[in-house]
Each structure stands twice: as structure tokens, then as C-alpha cells.
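Let's take a walk through this one together. Keep the viewer open and follow along as we go from the overall picture down to single residues.

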Amino acid sequence: MAMDVVDYEIRGEEMQLVEVELDPGEAAVGEAGSLMFMDAGIAMDTVFGDGRQQQGGLLGKLLGAGKRLVTGESLFTTVYTNQARVKQRVAFAAPYPGKIIPMSLGALGGTLICQKDAFLCAARGVSLGVYFQQRLSAGFFGGEGFIMQKLEGDGLAFVHAGGTIVERELQPGETLFVDTGCVVAFTPNVSFEVQFVGKIKTALFGGEGLFFAKLTGPGHLWLQSLPFSRLASRVFAAAPQMGGRREEGSILPGFAAGGLLGGVLGGDDE
């Protein structure tokens, strides 16, 4: 299927969004729940898989949906088609603080491997597939499991990652050790395996986990400073564990000055 060539603009700093400009007849594919706004001339159509199954019939649609289910994504994506006679815009928002990375798959050799929840949106024609880790160690201890996303085609795709993004170009034989959750994406010629940190004391008390991702070139890779799992664990650790409200800076939970003042000003008639 021919790839749509789209223009785009990324807005914002920490909580970014990408505006995709569609010519008449062009379309973009968005992850479920990622839409922010769209012009009136754009039509939405929720489909199985990645929206490329016109040539595959029912079986192709089921296989495309099954691939997405295996990677932990929704069975459905939404296709946004410009049915107007002028250019129209559709915007997709990042799900948590971080950066949106435009990926020109044609310039990257046609294939990109990325973490399971990284895909945000793409020009119509980009294929969303499954990448299975070939090494058992990477599958069991790599943070992303056996299964990652595989984006294929020669069009433009947008990937979201947490925090600050670091890009590295690895030369043949060059190796980089990375926290397993910080790997966002890499080109398929990069070797990905998992290595034990080396010392039991470091593994147990170092706070960095038991394993590193070992990435060996040649190839290009993208790293994130704030994996969503790390963000979620920090939020969970700071949340009240007993189901009640906890006031920041309060010595006696439940008797915080803000709570007492709110009770007085709230017009309690008792």
C-alpha cells in the first residue's frame, strides 16, 4: 500500500502534541485514545489492526488485530481521512510527560523496533507488527519481555517516550549498557541482549535492578530518561496507602490546617 506523505508540527515542551496536516484524500493512523482535536473535514473510522487490511479481507484484519493484542495494545486503531477539498489538520497528544519523536522509516531502512507502548500515530501505510526477542535472556529479563513493536514502511511514524530523549549512533562492535526500561527504540541491526550487573551486592542494594540492556552496534538507538514504569512506581509510592487523603507537610494526617479550615468555611451546621 502506498504511503501518505504528511506534513507535521510538534508543539509543547514536556507535554507535547503533534499536529499532522493532511492533503485531500490523505489519512493518518492514531493509537486509540490519542486524539486531541481535528478539523471538521476529517472523517474518523475505527478499524482492526493498523488500517492497512484492505487487501487482506477478514483474515488480514484478524491477523492485524491479533498482532496488536499480542503487543499489549488495543485491538483497534483509528484512521483519520481528509475528505475535504482543502488541507485539514488532526492533532495527537502525548499520554504522559516526555517527547514525541518523528521517525522517517524510509531513512531508517524501512524498519524500527520500539517498546510496546511507544507508538502514537503515523501516516497511513505504516505497518504495525510484532518483534520477538531472539534471545531468551532478553525475553525474561529485558524489561520489555519477548515482544516489542515493529514499525515497517517508508512513511512517517511518531513515537512517544518519557522524559528527555538521547540518541546514539553505535559503530560496528561498539557497546552501550542501558537500564532495561530506558530503551525506546533501535534499528534492527542493533544487537539487543541482557547482562547481569555483575555483583550480588550491587544487584541487591544498588537500586538499579539485576540486569542491564547490552546494545551492540552498528545501528541507531533512542533512549528515554523517564520510563513510564518508573514514573508509575514513584506515583504509587507517594500515594496514600490506606485509601485516605494525605496532606503534604502535615504532622497529623486528617488534622491538617487546610482540612480544618475547609471544614470551618464549608458551613458545617452541626
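Of the 270 residues in the protein, 42% are buried, where buried means under 20% relative accessible area, exposed means over 50% and partly exposed is in between, using a 1.4 Å probe and protein chains only. Before going further, note that this is a predicted model, with local features needing pLDDT of at least 70 and side-chain atom pairs counting only at pLDDT 80 or more, while totals for chains, interfaces and linings use all residues. Residues are numbered from 1 along each chain as its sequence is written, and side-chain values use heavy atoms, leaving out hydrogens and water.

The protein has five helices and 19 strands; these are DSSP runs numbered from the N terminus, with helices being H or I over at least four residues and strands E over at least two. Contacts, meaning heavy atoms within 4.5 Å, often span long stretches of chain: among those between residues at least 6 apart in sequence, 77% join residues at least 24 apart. About 14,500 Å² of the protein is exposed, and carbon and sulfur atoms supply 58% of that, by the Shrake-Rupley method with a 1.4 Å probe.

Now for the sheets. Six strands make an open sheet in the order β11-β12-β9-β16-β19-β14, with antiparallel pairing; two strands pair if DSSP finds at least two bridges between them. The edges are β11 (127-132) and β14 (165-170), each with a single partner strand, so one side of each has no neighbour in the sheet. Direction ignored, neighbouring strands here are turned by 25° against each other on average, with axes being lines fitted to C-alpha atoms, for helices over the stretch in contact, and angles running from 0 to 180 degrees between N-to-C directions.

Within that sheet, β9 (residues 111-114) and β16 (residues 183-186) pair antiparallel over two bridges. C114 has A185 as its bridge partner in β16, and C114 counts as buried because its relative accessibility is 0%. C121 also counts as buried, at 1%. How many disulfides are there? The count comes to zero, taking a disulfide as a pair of cysteine sulfur atoms within 2.5 Å.

Another open sheet has three strands in the order β15-β18-β17, again with antiparallel pairing. Here β15 (175-179) and β17 (191-196) are at the edges with a single partner strand each, so one side of each is left free of a neighbour in the sheet. The twist from one strand to the next averages 30°. Six bridges link β17 to β18 (residues 211-216), and S191 has T216 as its bridge partner in β18. Following the chain on from β18, look at the loop between β18 and β19 (219-224), where P218 is found. The peptide bond joining G217 and P218 is cis, with omega about 15°. For context, most peptide bonds are trans.

Turn next to the aromatic rings. The whole structure holds five aromatic pairs, counted when ring centres of Phe, Tyr or Trp (its six-membered ring) lie within 6.5 Å, with planes under 30 degrees apart called stacked, over 60 edge-to-face and the rest tilted. One of them is Y80 with F92, edge-to-face at 5.3 Å centre to centre and 75° between the planes. Y80 sits in β6 (residues 76-82) and F92 in β7 (residues 88-93), so the pair ties together parts 12 residues apart in sequence. Both residues, Y80 and F92, are buried.

Finally, find E21 in β2 (residues 17-22). E21 counts as buried because its relative accessibility is 18%. Neighbours within four places in sequence aside, E21 contacts V6, D7, E26, K87, Q88 and R89.
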